[in-house]
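Here is a short briefing on one structure. Look at the sequence and the 3D view before reading on.

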Amino acid sequence: MKLNDAQIDDLTGKVFRTIVNNGKDGILQSELWKELALTSRDGSRVAIRLEKRSLIRREKMLENGRWTYKLFPVKLPVDTFSIEKAPCLTCPVEHMCSLEGSYSPVTCGQIEEWLVMSLDILNHKKAEAEQQPSQT
Ligand code: SF4
């Protein structure tokens, strides 16, 4: 069954979270489709969306004699909280957003706010960790 656009929207956050959870080592798209029970067609649609939003990059590679893609997060968010708040995941103008377009991650104020918020969380966590007594 082919997913509709709303279902693809719902999946976008899930796919992004899974890619981020694999960290900088990335994940083969075939493994990701299997983990989330997606067809390669639907999975590819979501991956291409995330790539267009500059949230992931896809690297073509040969795996067991077949060409496939490995998916990597472009930036690793501080934590799950900040991933869920990523504005691109629910952005109404995402379909018009590209690096060269009138809506672009390069000039997007929402992305900037999100990064500032993520950094605030990181700094807060660092400060908390520094206040903890040493465990040694
Ligand atoms: S306009 Fe901003 S929030 Fe929307 S998809 Fe583009 S970068 Fe993301």
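By class, how many nonpolar, polar and charged residues are in the shell around the ligand? The shell has nine nonpolar residues, one polar residue and two charged residues. The model is predicted. The points below take the ligand shell, then the nonpolar core, then helix 1.

**Ligand shell**
- Four cysteines are not the whole story here: the residues around the ligand also include Pro-87, Val-93, Pro-105 and Ile-111.
- The cysteines around the ligand are Cys-88, Cys-91, Cys-97 and Cys-108.
- Arg-53 and Glu-94 are around the ligand, as are Tyr-103 and Gln-110.

**Nonpolar core**
- The largest nonpolar core has 17 residues.
- Those with the most contacts inside this core are Val-15, Phe-16, Ile-19, Ala-47, Leu-50, Ile-56 and Leu-71.
- Helix 1 (5-21), helix 3 (40-52) and strand 3 (66-73) each supply at least two residues of the core.
- Helix 1 gives the largest share, four residues.
- Leaving out residues up to four places away in sequence, Val-15 touches Leu-32, Leu-36, Val-46, Ala-47 and Leu-50.

**Helix 1**
- Helix 1 has 17 residues. From first C-alpha to last, helix 1 reaches 25 Å, close to the 24 Å expected at 1.5 Å a residue.
- Helix 1 bends by about 30 degrees at Leu-11.
- Its buried residues are Thr-12, Val-15, Phe-16, Ile-19 and Val-20.
- An α-helix has 3.6 residues a turn, so residues three or four places apart point the same way.
- Gly-23, just after helix 1, takes a positive phi of about 65 degrees.

Note on methods. Residues numbered from 1 in each chain as written. Predicted model: local features only at pLDDT ≥ 70, side-chain atom pairs only at ≥ 80, totals over all residues. Core = buried A, V, L, I, M, F, W, Y, C linked by C-beta atoms within 7 Å. Buried ≥ 20, exposed ≤ 12 C-beta atoms within 10 Å, placed from the backbone. Contact = placed C-beta atoms within 7 Å. Near = placed C-beta within 6 Å. Nonpolar A, V, L, I, M, F, W, Y, C, P; charged D, E, K, R; others polar. Expected span 1.5 Å × (residues − 1). Bend = angle between axes of the 7 residues up to and from the residue.
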